[in-house]
Structures are given as C-alpha cells and as structure tokens.
Amino acid sequence: MFELNNILRENIKNLKPYSSARDEFQGEASVYLDANENAFGSPLEQNYNRYPDPMQYAVKTRLSEIKGVPPRNIFLGNGSDEAIDILFRSFCNPGVDNVILVPPTYGMYEVSANINDVETRKVNLTNEYQLNLEGIAEAIDKNTKLIFICSPNNPTGNSIHREDIETLLTNFNGLVVVDEAYINFSRQKTFIQELTEYANLVVLQTLSKAWGLAALRVGMAFASEEIIEVMNKVKPPYNVNEASQQLALQALQNVEQVNQWIKETLTERDQLVLNLKAFDFVLDIYPSDANFILVKTTDAKGVYNYLVSHGIIVRDRSKVELCDGALRITVGTPAENKTLLNTLKEYKA
Ligand SMILES: *Cc1c(COP(=O)(O)O)cnc(C)c1O
C-alpha cells in the first residue's frame, strides 16, 4: 500500500516552513510595512517593489480552469526543473535512497539526483522505447522513492504505453512521476485526470514548450493535496517571480493561439518526416508524439557539424543509450524547416 508518510523524509515531515510576510497577513490593507520593501516603487515603468504571491493563486486559478484540476492539486515552480529538484529534496534521503530512471530520457532527473546525492538505478527502455517492467520490478527495493517516466519521451518523441504506467502506479509504493512536458503535441490522454485514482501520481507539465514561455520559467506539478502541501513547504517562498506570474496569466488567456501553433507544428512535423526520409543519410525516423523528431543517420557528427557550419543547430544525441547515430530535431516554423531541408540537400557524406 502506498502511504505518503512512509516515503517522506523525516526532516521534511518535521520541517516548520519559513513564514513570509505574505503568508502571515493575507488580505487587503492600505499601508504595507511588513516586508522591508521599497515603499516608493521601482525605477521602472511598472512597479515590482512588492514580493509576489508565494502561492501564485491567480495563475493557479486560471490553470485550474484550463486543466480541470483544483488549485490545491497544483504546484508551480521556477520551471518544472524546480519541481523535479523539490521531489528529490522532499522524498529522497541523500546517500540512502534511490530512484529509477529509464534511459534514454530527459537529462535533468539524473543531474538532480546527483546534486542531491541520490543513487540512480537505470533500466533502459526496450528497443521499441517502451518500459521494461520486469527490469524495473527487479531494480526496486525498499529505498526506491521515485520513478521518472517521460511521456512523450525526450529525446525519442514517442509516448509510453499507458497500461504500463498504470501497472507502475498500482504496484509501486513510491511516487510515479509522469513528465508530460510535450503532452500538448500528443494524441495520448494526459494523466492529470487520474489524480483521484492514484495517490502516488505526480504529473509534470510546463509552459516552456507548447505555450512558448520558456524564458519565464514556469512549470507545474499536479498531484494529491498532501503531496502538493509537502512541495509547497519545501520550495523557496517566492519561487515564481511577479513578472512571470503576470505574463503567464496573460498568456493563459490565449489558448486559441497556442492550439493553432500546435496544429501547425504537427503538420510541419509530418511534412519534415516525409522530406527527411528521402535523404540517403537518414536511416530511420522514430514516430513522434512531440514537437521534435529523433532521426537516425549514418553519420550524426558529420551532419551535425555540417548544419552548424550553416548556422543551423540541432541536438546530437548519438552518444545517448539506444540512440546510435541519432539527431534530435525540433520542428521550427515553415520557413525554418524549409531552410533545414534545403541545406541538407547540399550535404555530402
Ligand atoms: C524541456 C523539458 C522540461 C523542462 O521544463 P522547464 O519547465 O522549462 O524547466 C521538463 N521535462 C522535459 C522532458 C523536458 O523536455
């Protein structure tokens, strides 16, 4: 049976969180002399002299309308990378606990684990880039706290079979973290509707990809109220700055624009795949559920360097597990994709 108290670190269980001025007094007043801010204003057109809302209530309320999840089940971070780090700090005892990673996958899980001195147990995906459930079951022990599943997966682009993730959710007594950074591009259903079903589910999403706000650093975690409370306790009090909160809120009114871009991206992606397949240095392109494709080539380094010399940067993933010869290419605008294809026409192995 999953029991949150069994996996929570003892020091976090007993932690008395920092109480900020904004926490102690909530409501409207006319004179704020409680936070040592500059009362005159900011040397800018807009004032940023007041600390932001530590719980980002306005942004969460809007997200709640879009996602159909109550604000109390939403955590906001300085990018979803911050949410990843907070999961380690909340649940993994350094030098004692371990987490399961399923390479090839997003690199920050391992970096965050290393920063926190937490052992990573790697169970490679299968040749079809799906979960090796038996391998994962063997790797789990009593100190395994988290399993990170990225779906659609970065860098392979495919979605992980839903039933396999459900198997983990049902059988694992730690947290299953499903990273849905690319879910807006996917035909697969999100897991955020399953929070009531699985007490050990954490879903990560972000405004950095489809929403076009990578520079603002706003990431989300969706989980049970109990898990969100822990994460809020551990996070820095003002982890999402006021400019980002205001701009995120504004952007979240523009769902239609974003949906339009997603459609265009998918059309462009399919076009790009068709065109790339015609090149003889392209061996294979994996089916993608995201805004990028993983392209297996005869000479990743050669193609990469050639593109760099023409001012086009893609990601060389050829040194990553199960990604021999592979380049990861983000879908650009129609003009950018055309430039890429025209440039590749001149490539000589
Ligand atoms: C880009 C990416 C993120 C990072 O999101 P931020 O919100 O920008 O920190 C998280 N997970 C995956 C799989 C990504 O590709």
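**Loops, aromatic contacts and the ligand site**

Pro152 is found in the loop between β4 (144-150) and α8 (162-171). The model is predicted. In it, the peptide bond that leads from Ser151 into Pro152 is cis, and its omega is near -5 degrees. A cis bond also joins Pro103 to Pro104, again with omega near -5 degrees. Pro104 belongs to the loop between β2 (98-101) and α6 (108-115). As a rule, most peptide bonds are trans, and most residues other than glycine have a negative phi.

Positive phi values were examined next. Gln56 has phi near 45 degrees, a positive value in a residue other than glycine. Gln56 sits in the loop between α3 and α4. The relative accessible area of Gln56 is 0%, so this residue is buried. Leu322 is not a glycine either, yet its phi is positive, at about 60 degrees. Leu322 lies in the loop between β10 (315-316) and β11 (326-330). Its relative accessibility is 32%, and Leu322 therefore counts as partly exposed; the buried class requires a value under 20%.

The loop that holds Gln56 also contains Pro54, between α3 (21-24) and α4 (57-67). Pro54 has 5% relative accessibility and so counts as buried. From Pro54 to Met231 the sequence separation is 177 residues. In space, their C-alpha atoms are 13 Å apart.

Aromatic contacts were then surveyed. The structure holds nine aromatic pairs. One of them joins Phe281 and Tyr347. Their ring centres are 5.0 Å apart and their planes meet at 75 degrees, so the pair is edge-to-face. The pair links distant parts of the chain, with the two positions 66 residues apart in numbering. Phe281 is in the loop between α11 (255-277) and β8 (282-285). Tyr347 is in the segment after α13 (334-345). Phe281 counts as buried because its relative accessibility is 5%. Tyr347 is buried as well, with a relative accessible area of 12%. Elsewhere, Phe88, Tyr106, Tyr109 and Phe148 form one aromatic cluster.

Arginine side chains also meet aromatic rings. The charged end of Arg162 sits over the ring of Phe191, at 4.1 Å from the ring centre. Arg22 places its charged end over the ring of Tyr32, at 5.5 Å from the centre.

The ligand site was characterised last. The ligand is surrounded by 13 residues. The closest are Ser80, Asp179, Thr206, Ser208 and Lys209. By residue class, the shell divides into four nonpolar, five polar and four charged.

Polar contacts to ligand oxygen atoms involve both backbone and side-chain atoms. For Ser80, a backbone N or O atom lies 2.7 Å from an oxygen atom of the ligand. For Thr206, the contact comes from a polar side-chain atom, at 2.6 Å from a ligand oxygen. For Lys209, an N or O atom in the side chain is 3.0 Å from an oxygen atom of the ligand. On its own, the ligand has 380 Å² of accessible area. The protein covers 94% of that area.

Note on methods:
Residues are numbered from 1 along each chain as its sequence is written. This is a predicted model: local features need pLDDT of at least 70, side-chain atom pairs count only at pLDDT 80 or more; totals for chains, interfaces and linings use all residues. Side-chain values use heavy atoms; hydrogens and water are left out. A residue is near a molecule or strand if one of its heavy atoms lies within 4 Å of it. A polar contact is a pair of N or O atoms within 3.5 Å; within protein, one must be able to donate a hydrogen and the other to accept it, and residues adjacent in sequence count only if both atoms are side-chain atoms. Accessible areas come from the Shrake-Rupley method with a 1.4 Å probe; for residues, only the protein chains shown count as cover. Ala, Val, Leu, Ile, Met, Phe, Trp, Tyr, Cys and Pro count as nonpolar, Asp, Glu, Lys and Arg as charged, and the others, Gly among them, as polar. Rings of Phe, Tyr and Trp (its six-membered ring) pair if their centres lie within 6.5 Å; planes under 30 degrees apart count as stacked, over 60 as edge-to-face and the rest as tilted. Helices (H or I, at least four residues) and strands (E, at least two) are DSSP runs, numbered from the N terminus. Buried means under 20% relative accessible area, exposed over 50%, partly exposed in between (1.4 Å probe, protein chains only). A charge sits over a ring if NZ of Lys or CZ of Arg is within 6 Å of the ring centre and within 35 degrees of the ring normal.
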